[in-house]
Amino acid sequence: MPEKMLSFTHVPQHQPAKRPVEVRRSDFDEIYKDFAVAEAATQSSRCSQCGVPFCSIHCPLNNNIPDWLKLTAEGRLDEAYEVSAATNNFPEICGRICPQDRLCEGNCVIEKGFESVTIGAVERFVTDYAFTQGWVKPVAPREELSQSVGIVGAGPGGLAAAEELRRRGYQVHVYDRHDRVGGLMIYGIPGFKLEKEIVLRRWQLLAEGGIVFHLAIEVGRDVTFAELRARHDAVLVATGVYQARDIGGPGAGLGGIVKALDFLIASNRKGLGDDVPEYESGLLNADGKHVVVIGGGDTAMDCVRTSVRQGAASVTCLYRRDKANMPGSMREVKNAEEEGVKFRWLSAPEAFLGDTSVTGVRAVHMRLGLPDASGRQSVEIVPHSHFTVQADLVIKALGFDPEPLPAMWGQDSLDVTRSGTLKINHRSFETSLPGVFAAGDIVRGASLVVWAIRDGRDAAGQIHAYLQPSARREYRAAAE
Ligand SMILES: Cc1cc2nc3c(=O)[nH]c(=O)nc-3n(C[C@H](O)[C@H](O)[C@H](O)COP(=O)(O)OP(=O)(O)OC[C@H]3O[C@@H](n4cnc5c(N)ncnc54)[C@H](O)[C@@H]3O)c2cc1C
Ligand code: SF4
């Protein structure tokens with residue numbers, strides 16, 4: 001039965017139910033249950049179909065949200081899927097892991113007074129349902145072009161660009177140093193936020209669409225960047241940011257102090273069925289340990305919640321600002337609190353204690369000071385406020401910087417910004433090297449999956465524009 005719209009005045013917001021804490025704490029399955037068809041329709045019908053859809057404006061992909069909500073409410077799910085897929089290559093992924101509270105849902109007009117429409121959950125539902133109905137098909141180019149594009153990086157930025165270029169008929173080759181496709185979606189983000197099958201399903205579809213993957217190939221080691229440029233008519237760099245920010249101080253070199261991404265990759269590989277010696281040896285395994293995670297972003301939240309699931313004896317998160325100033329999604333902080341993680345806000349590590357392996361973290365309380373040039377409040381130490389937290393595993397989750405690509409690839413004329421990200425012309429997405437484009441975190445710095453998709457799509461459009469004159473010459477030659 002089709003639902004009428006504007007039902008927000010009498011239908012309350014319902015997010016998909018979460019699995020009980022005691023169950024979800026012990027596995028890596030997603031914590032949210034699926035919407036049933038009727039529930040998705042009812043929740044979609046809460047949309048007010050407002051004249052200026054702020055949700056779309058604040059979605060990095062400018063998704064036509066009110067349109068697919070209306071179609072879902074009316075039970076026209078095939079059309080809802082078509083509209084949703086027209087602007088987003090991986091709607092079911094964004095529906096799961098976008099920080100909706102800061103993007104679409106946070107700007108929903110009915111949010112004030114009635115709580116937002118559950119946009120992310122409906123977006124996820126529509127494409128998951130489309131997969132069950134066989135509506136999601138590999139790209140099928142209408143014609144084959146001879147030009148090829150080499151893409152370095154199989155994360156969301158590289159993959160979105162790959163699909164858009166393949167759709168236009170280009171021969172697309174994606175290179176990645178990992179042995180699986182997905183970038184941080186496969187090896188960074190844990191299964192309790194995004195089950196691995198969701199990413200693997202996309203990989204298969206992209207390969208069926210004719211995109212060629214060259215995996216376990218590191219550009220700069222197994223193939224030079226110059227070779228890659230010679231091989232392809234254009235190159236897109238979508239390598240993400242992977243240089244982990246470090247922390248010094250007394251005891252920083254002790255055993256048992258590890259990098260967040262090493263810890264998460266080991267856990268994700270284990271879940272995918274790989275042999276992971278560092279996990280088996282206990283080096284990258286929180287089982288039975290007192291864990292301290294340092295940081296307050298998405299990576300820190302993923303580390304604390306992974307530690308809980310691995311059977312840690314206790315999990316404490318140290319963050320130097322307060323809860324309101326955390327960069328991570330509030331929804332994830334709430335989930336972590338429910339799962340038993342202890343947060344020590346306004347706390348920063350000062351020294352790591354122990355002889356050979358860490359046994360504790362000596363920390364100090366902080367207070368927020370005046371805003372700095374960026375508008376963010378500075379932090380300062382509260383004198384004589386030391387305390388110690390027991391720890392036999394310390395995970396450093398302090399953020400990531402770009403790797404020094406020009407040096408690693410022997411490309412002195414590849415220009416970078418002061419923070420080391422690749423410098424591009426923001427209209428053409430072209431770097432300082434002709435025919436070399438860049439997108440995603442390597443341009444923005446650590447950001448979001450949805451922004452990487454947006455950049456990948458835009459960069460694909462610009463690569464097409466760059467290659468088109470020669471494509472036109474090719475058509476003419478073929479016609480003559
Ligand atoms: C732990 C963690 C949790 C996160 N959680 C969220 C979240 O919940 N929601 C969200 O929206 N965002 C989240 N993010 C951020 C998000 O994952 C990134 O913004 C996004 O993946 C960036 O996409 P990308 O395509 O630019 O790069 P990446 O996803 O990093 O992919 C880059 C790829 O390039 C490959 N590569 C790098 N150098 C080379 C080379 N020389 N040769 C060959 N291949 C190379 C890498 O192996 C990788 O596969 C999270 C990030 C982390 C670290
Ligand atoms: S892509 Fe992200 S921001 Fe855009 S509608 Fe979907 S969940 Fe919201």
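How many helices and strands are there in the chain? Here are some notes to help you find your way around this predicted model.

1. **The overall build.** The chain has 19 helices and 15 strands. Its radius of gyration is 24 Å, close to the 23 Å that the globule rule gives for 480 residues, so the chain is as compact as a globular protein of that length. If you want a feel for its extent, the C-alpha atoms fill a box of roughly 80 × 60 × 45 Å along the principal axes.

2. **Inside and outside.** Of the 480 residues, 54% count as buried. The chain exposes about 20800 Å², and carbon and sulfur atoms supply 51% of that area. On the contact side, take pairs of residues at least 6 apart in sequence: 70% of those contacts join residues at least 24 apart.

3. **Who surrounds the ligand.** Have a look at ligand 1 next. It has 35 residues around it, and the closest are I97, D176, K193, Y242 and D441. Sorted by type, the shell comes out as 17 nonpolar, 11 polar and 7 charged residues.

4. **How the ligand is held in polar terms.** Three pairs of atoms deserve a look here. The side chain of D176 has an N or O atom 2.6 Å from an oxygen atom of ligand 1. With R177 the backbone takes part: one of its polar backbone atoms is 3.1 Å from a nitrogen atom of ligand 1. D441 also uses its backbone, with an N or O atom 2.9 Å from an oxygen atom of the ligand. As for cover, ligand 1 has 1000 Å² of accessible area on its own, and the protein covers 98% of that.

5. **Which elements build the shell.** At least two shell residues come from each of α9 (156–167), β2 (171–176), α15 (298–310) and α19 (449–479). Which of the helices and strands gives the most to the shell around ligand 1? That would be α15, with 3 residues.

6. **R305, in that same helix.** R305 is found in α15. Is R305 buried or exposed? R305 is buried, because its relative accessible area is 0% and the cut-off for buried is under 20%. Leaving aside neighbours within four places in sequence, R305 is in contact with I31, F192, K193, E332, N335, A336 and E339. K193 may ring a bell, as one of the residues closest to ligand 1. You can also check R305 against V315: the two are 10 residues apart in sequence, and their C-alpha atoms are 8.5 Å apart in space.

7. **K396, a lysine in a strand.** Find K396 in strand β13, which runs over residues 393–396. K396 is buried, with a relative accessible area of 12%. Which side chain does the side chain of K396 make a polar contact with? The partner is D246, at 2.8 Å. Not counting residues up to four places away in sequence, K396 touches D246, I247, I257, V258, K259, A260 and I294.

8. **D415, out in a loop.** D415 is in the loop between α17 (405–408) and β15 (436–438). With a relative accessible area of 36%, D415 is partly exposed. Beyond the residues up to four places away in sequence, D415 touches L422, K423 and S432. For a sense of separation, try D415 and H10: they are 405 residues apart along the chain, and 56 Å separates their C-alpha atoms.

9. **Two backbone angles to check.** N62 is not a glycine, yet it has a positive phi of about 45°. You'll find N62 in the loop between α3 (54–57) and α4 (65–73), and at 36% relative accessibility it counts as partly exposed. E115 is another residue other than glycine with a positive phi, near 70°. E115 lies in the loop between α7 (111–114) and α8 (119–133). Its relative accessible area is 44%, so E115 is partly exposed.

Note on methods: Residues numbered from 1 in each chain as written. Chains lettered and ligands numbered in written order. Heavy atoms only, no water. Near = heavy atom within 4 Å. Polar contact = N/O pair within 3.5 Å; in protein donor to acceptor, adjacent residues only side chain to side chain. Areas by Shrake-Rupley, 256 points an atom, 1.4 Å probe, with all protein chains shown as cover. Helix = DSSP H or I, 4+ residues; strand = E, 2+ residues; numbered from the N terminus. Nonpolar A, V, L, I, M, F, W, Y, C, P; charged D, E, K, R; others polar. Rg over C-alpha atoms; globule rule 2.2 N^0.38 Å. Buried < 20%, exposed > 50% of the residue type's maximum accessible area, 1.4 Å probe, protein only. Contact = heavy atoms within 4.5 Å.
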